[in-house]
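I opened the notebook for a walk through one chain, helix by helix and ring by ring. Here is the model I had on screen.

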Amino acid sequence: EIELSKIALKNASAKGVKDFAKIMVKDHTAAAGELTDAAAKKGIALPEKMSDKSQKICDDISKKSGADFDKAYMAQMVSDHSDAVSAFESEAKNGNDADLKAWAGKTLPTIMHHLDMAKAINDKMK
């Protein structure tokens, strides 16, 4: 989401989409830093690059421009945040590691807010 949002800062045409992308870069960079620190303390190695699936999504969306880019980016943000809400809810309720469980619970409201914002922007584009 960080990399795709950086692309959106350049390629998006709608101000609301660019504003959303700025928030995504800021909030997700902060969350990634927290997760990286927590993982390092526990000796857990995190992936150094995005998955092939995520890279393909990034590549496909980055080829678009104007309103087509905006629609594709916002649809992806709704999808990604929906998936993230489910994953964070599960971790916050059922996680085995107390620190990661607490972090998921602390981070969940922000992700839910991002999902609400993404849906609102996405709905205006239809």
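**Entry 1: α2.** I started with α2, which has 27 residues and reaches 39 Å from its first C-alpha to its last, close to the 39 Å expected at 1.5 Å a residue. The expected span is 1.5 Å times one less than the number of residues. Helices here are DSSP runs (H or I, at least four residues), numbered from the N terminus. I then listed the buried residues of α2: V17, F20, A21, M24, V25, H28, A31 and A39. Buried means under 20% relative accessible area, exposed over 50%, and partly exposed in between, with a 1.4 Å probe and protein chains only. The buried residues of α2 pack against α1 (2-11), α4 and α5, where contact means heavy atoms within 4.5 Å. Just after α2, I noted that G43 has a positive phi of about 70°.

**Entry 2: ground rules.** This is a predicted model, in which local features need pLDDT of at least 70 and side-chain atom pairs count only at pLDDT 80 or more, while totals for chains, interfaces and linings use all residues. Residues are numbered from 1 along each chain as its sequence is written, and side-chain values use heavy atoms, with hydrogens and water left out. I checked pLDDT, the predictor's confidence in each residue from 0 to 100. The protein chain has a mean of 93, and 100% of its residues reach 70 or more. Among its elements, α2 has the lowest mean pLDDT (93) and α4 the highest (96).

**Entry 3: α5.** Next I looked at helix α5 (residues 98-124), whose 27 residues should span 39 Å at 1.5 Å a residue; its end C-alpha atoms are 40 Å apart, which agrees. Where does α5 kink? I found a kink of about 35° at L108, shortly before the proline P109. The bend at a residue is the angle between axes fitted to the seven residues ending there and the seven starting there. At the N-terminal end of α5, D97 acts as a cap, with a side-chain oxygen 2.9 Å from the backbone nitrogen of D99. The buried residues of α5 include W103, L108, H114 and N122, and their cover includes α2 (15-41) and α4 (66-94).

**Entry 4: aromatic rings.** I paired rings of Phe, Tyr and Trp (its six-membered ring) if their centres lie within 6.5 Å, calling planes under 30 degrees apart stacked, over 60 edge-to-face and the rest tilted. The count comes to 3 aromatic pairs. The rings of F20 and Y73 have centres 6.3 Å apart and planes at 70°, so I logged the pair as edge-to-face. F20 sits in α2 and Y73 in α4, 53 residues apart, so to speak two distant parts of the chain linked by one pair. F20 counts as buried because its relative accessibility is 2%, and Y73 counts as buried at 0%. F88 and W103 have ring centres 5.5 Å apart and planes at 50°, so that pair is tilted. F88 lies in α4 and W103 in α5, so this pair ties together parts 15 residues apart in sequence. Both F88 and W103 are buried. F20, F69 and Y73 form one aromatic cluster.

**Entry 5: S5 and I57.** I finished with two single residues. S5 is found in helix α1 and counts as buried because its relative accessibility is 0%. Leaving aside neighbours within four places in sequence, S5 is in contact with A21, M24, V25, Y73 and M77. I57 lies in helix α3 (residues 52-62) and, at 23% relative accessibility, counts as partly exposed. The C-alpha atoms of I57 and L4 are separated by 8.7 Å, with their positions 53 residues apart along the chain.

Methods. A polar contact is a pair of N or O atoms within 3.5 Å; within protein, one must be able to donate a hydrogen and the other to accept it, and residues adjacent in sequence count only if both atoms are side-chain atoms.
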